[in-house]
Amino acid sequence: MSTSRVLALLAFVALHATAEAADPVVVVHPSTRVLEVSKAELSKIFLKRLRTWADGSLAQPIDQVPGPVREEFTQWVHGRSVVTIEVYWKRMIFSGRAVPPAEAADDAAVLDFVRRTPGAVGYVSGSAQLDGVRKLDLRE
Amino acid sequence: MRRSSTLPAQRSPRSRSWRLLPTLFCLTLAAGASPAAEAPEGVGVFGHLTQAYGKSRRGSIQGTSEEGTTDLRNVAVQLRWAKSDRDTVVVQLSHERRGEDLFSPAGDEVEIDWAFYERRIGVHSVLKVGRLNTPLGIYNEIRDVGTLLPFFSLPISFYAGVLSSAETVDGVSIGRTFFPRSDWSLDTELYLGGWDTFQQQVSLDAKFGLVNLEARAEDGVGVQIWLDTPVRGLRLGAGTLTWLLDGPLGEPGTRDRWDTYHVSLDAVGERWLVRAERRRWRFDQDFGAFLALPVSLRGKAQRDGYYLQVGVWLTPRIGLFGQIDHAGLKDNLDLLPGLENLHEDLAASLNFRIRPDLLLRVEYHNATTRLPLGLPDLPMNVGSDAVDARWMVGGLSVSF
């Protein structure tokens, strides 16, 4: 194998590993019967434009405080920056329609809330230990 | 008994407690010191504040004056109590000053902006009872929230104050979302009720040549619908509102019918926005009473308006916005000639977003208008030619 091919392979592996580490993991309460959702649907749930899962049970999203995980999730799922989403929530608040989901301080707080709350959905960094919760698959 | 007054008039006979104002400011500052928190069940405190300076080149328009004024502000504190996932009570107190704005006569008082109980019915329906903010177009519900607006003042063509519309409704509304999982989801809201408003009458002694007379809109019925599209950030809206106006200019026992309908385009991207709305009013009017003549001249009037806003965030902090705003008025008796082009305004604003909730803005307007400007030699602006009006507004807005 030529040096250039080895370098290309290493670069691919490195990029792939970076992407794996950067992608947040969406987690739900173990009793949630939905196995996967589309990004659009998950976006609506976190924006409270959709209040139930496909099986009719109540969805209870929990956000994270502003930081790298939230930035990554917001861009990944909403296709928007955190600032844009914050402006969206200001609009919802001052039109008297809704308030944003509660914010958890870190991965552990998200996992604790999701573990205790049927219907809950949150996101954590890729390195978090997912004890007592279930990972939710996302489709485009 | 109706009360007449020259501008600025007391906005309504609701709460008029000056003593509440310092409390409201303190609440604003105190709540602004820490991020608002909201639990699924609990109390949330939110608020916004805008303070601006406005100066016009000639006369007074949209609250500005030739001398320059800082009498342009609004502040509001919202208390939201979620008793459960289904039951919520929302109360918003506000204080607003618009200088000597012809279309938004405001007092100095702190008043109850909204106070309503919200009950979620099933999953996709919401019932509200009380004093509700009216779902009408893109901006009506957030018309005072400076951090969410590209310009300090909303387009006259569509949102010309309480005279022609309803900022709030005392009544009931029912909202429902259809096809919520679809890319084409549809939000609908039907509302019923009444609200305080004004009628205007010619008075050559008044600064603008007009006085505001308190009136009441009754039996109002309105609908607002929004259609989400598969294009992220693009939605289309339409709505209508009809009511009966019980005011001092009508014959005793009669009420004038008003109808208005509108369409909206709201497209917002990560770094840009395009917004356009068009609206038409039709209403009955005794023009004799309006002109303070001792004869009755009943007729029908139609007002049309549209505006277009485009904007781009040049950087995450700096946004540049442009606006064209056009309003016209005509009547079937030809008593108001030349008002088909009542007002045309070209405006630009520069927004500097210091933080998502802190915005510095300066804007400039260049209009050709027949709106009353309060000019000493031409208070009502009813000369043969429209008047050039130019004004600027600069200010700071914060929300929390």
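Select Asp196(B) and Arg216(B): Arg216(B), in strand S9(B), is the bridge partner of Asp196(B). Keep in mind that this is a predicted model.

Widen the selection to residues 186-202 of chain B, strand S8, and residues 210-228 of chain B, strand S9. These two strands run antiparallel, and 16 bridges join them.

Now add residues 168-178 of chain B. That is strand S7, which runs antiparallel to S8(B) and is joined to S8(B) by 9 bridges. For one pair to zoom in on, take Gly171(B), whose bridge partner in S8(B) is Gly193(B).

Next, go to chain A. Select residues 39-46, helix H2, and residues 68-78, helix H3. Their axes lie 8 Å apart and the helices pack at an angle of about 125 degrees. Angles from 115 to 145 degrees fall in none of the parallel, antiparallel or perpendicular classes, so H2(A) and H3(A) are oblique to each other.

Show side chains at the contact. From H2(A), pick Lys39(A), Leu42(A), Ser43(A) and Phe46(A). They meet Phe73(A), Trp76(A), Val77(A) and His78(A) of H3(A). By class, the contact residues are 5 nonpolar, 2 polar and 1 charged.

Last stop: residues 82-94 of chain A, helix H4. How far apart are its end C-alpha atoms? They are 18 Å apart, which agrees with the 18 Å expected for 13 residues at 1.5 Å a residue.

Colour the buried residues of H4(A). Among them are Val82(A), Ile85(A), Tyr88(A) and Trp89(A). Lys90(A) and Arg91(A) are buried too, as are Met92(A), Ile93(A) and Phe94(A).

Finish on Gly96(A), just after H4(A): its phi is positive, about 75 degrees.

Terms used. Residues numbered from 1 in each chain as written. Chains lettered and ligands numbered in written order. Predicted model: local features only at pLDDT ≥ 70, side-chain atom pairs only at ≥ 80, totals over all residues. Heavy atoms only, no water. Pairing = 2+ DSSP bridges. Helix = DSSP H or I, 4+ residues; strand = E, 2+ residues; numbered from the N terminus. Expected span 1.5 Å × (residues − 1). Buried < 20%, exposed > 50% of the residue type's maximum accessible area, 1.4 Å probe, protein only. Axes fitted to C-alpha atoms, helices over the stretch in contact; angles between N-to-C directions. Parallel < 35°, antiparallel > 145°, perpendicular 65-115°, else oblique. Contact = heavy atoms within 4.5 Å. Nonpolar A, V, L, I, M, F, W, Y, C, P; charged D, E, K, R; others polar.
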